[in-house]
Amino acid sequence: MQEQDPLGGMVRSLVPMLSKSLGEHFNVFRVMRHGTHEKQLSNVFAWLLDPHATHELGGCFQEILLTQINKSRGDEAPMPTSGYRVIQEAGVTTQAGESPDCSGKDIADIVLTQDAAAVVIENYLSSDGHGHNFARYQALGTSHSTCSVVVLLCIRRDLTLLRDGWEQAVVITYDELLTELRRQVNADKTWGRTHQEQSFFLTQLFDHFLQGTHRVSTDASIEFIKAMCDSGESIRYGYRPHMAAAQEFADLMADHAKRQFEDGRKTLAQVKKLLRQYAATTLTTQVNTSQGRDVIVGTEARFVGKWEWCITLRCAGESDLFLTFGPTARTENENAKKPLGEPDFTRIFATRGVSGPVDAIIQTDVRLDEVIRGLSPDDTRLHDALVSLLQ
């Protein structure tokens, strides 16, 4: 039978492959989950830009940034490439003459100042002003020097996102700056030998933020090509220009994966609602009747975060029991004293103990789709699992 949704099939086949290829490669930034917020990234860039910081590269990174700024400004008079002081989170307040709808305050992530020039930097994942008032950033720069520039520092350059004055900003990507920094650091063998800790940190930084840096093995690349061929998407390898084709494919994949993720969360929410209703009525009655007393005295579904996909069964005189599924079941199994070897996360799990190590976990035969379609009042599979935990 022909695949009706080839791109969907590709997303499903690539997710475990990409997860494996990224997960197996150690990187301190990934371990710490660093770089998921712009403040974390701004701290790193401010450290690199400070010529007196512990990296002991002097003004190297300042010069790289200003050289890139001058290149982007074309025929305008070049700005000095060194001698800047570094300020983080500089307040950008309402300027005189602004319209009432411009009230409030913005905060510039990084500001570089010296007597002859100033650079005001907004750091964000994409080249997007994301609601900040460009005029204020511009005014902050000119308050330090008549020779000033506003810079959007980002991972992804997308000029279609520039609006409301941000079209005037200089857009610079992490790749442009870090590629040059890596080249200079690698060429300075003496610095590398005498600054091994800083060298390790920068190597991890390059690995985490630069594209195409030791992330995909040959085997993983071949698996990816196979998935492209199997899904009929391999024709894209013939498209030109190559970078535009790659970006188009990445955007398409991201959009499709986003929809699947959103649909997945809706499905989890539906299971949670229906499972709680079933637990509060049929399942409670089944357990209390079979035990000859009111063992289950209430049901709740109040947890959030990684514990969100859980129904709590409050028990009188017993440890509380839990019905978990999906992401929470995975977390519970990881915390279990005796984790299941090959759990099937299309099933409902029954557990005892949630605040600390899970005392016991049982994988039931009840599937998520069965919960959505509706469990029969005479279905005792969840009952049997809970009674087993009570005993």
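**Exercise 1.** In S8, which residue is the bridge partner of Cys310?

*Solution.* Keep in mind that this is a predicted model. Start with the two strands: S7 covers residues 310-315 and S8 covers residues 321-324. They run antiparallel and are joined by four bridges. Now look across from Cys310, and you will find Thr324 as its bridge partner in S8.

**Exercise 2.** Place these strands in their sheet, then find the helices that pack on it.

*Solution.* First, trace the order: five strands make an open, antiparallel sheet that reads S6-S7-S8-S9-S10. Next, mark the edges, S6 (296-300) and S10 (360-367), each of which pairs on one side only. From one strand to the next, the twist averages 20°. Then add helix H10 (residues 242-291), which packs on the sheet and touches S6, S7, S8 and S9 (347-352). The direction of H10 makes about 180° with that of S6. Finally, add helix H13 (residues 381-390), which touches S7, S8, S9 and S10; its direction makes about 170° with that of S10.

**Exercise 3.** Describe the largest nonpolar core and the surroundings of Val119, one of its residues.

*Solution.* This core has 37 residues, and Val119 is among those with the most contacts inside it, along with Leu48, Phe61, Leu65, Ile69, Leu178 and Leu181. Elements giving two or more residues to the core include helix H3 (38-49), helix H4 (60-72), strand S3 (117-123) and helix H6 (174-187). Leaving out residues up to four places away in sequence, Val119 touches Leu66, Ile69, Met79, Tyr84, Ile110, Val111, Leu112, Val149 and Val151. To finish, find the second, separate core: its 28 residues include Ala279, Leu283, Leu323 and Ala385.

How values were computed
Residues numbered from 1 in each chain as written. Predicted model: local features only at pLDDT ≥ 70, side-chain atom pairs only at ≥ 80, totals over all residues. Heavy atoms only, no water. Core = buried A, V, L, I, M, F, W, Y, C linked by side-chain atoms within 4.5 Å. Buried < 20%, exposed > 50% of the residue type's maximum accessible area, 1.4 Å probe, protein only. Contact = heavy atoms within 4.5 Å. Pairing = 2+ DSSP bridges. Axes fitted to C-alpha atoms, helices over the stretch in contact; angles between N-to-C directions.
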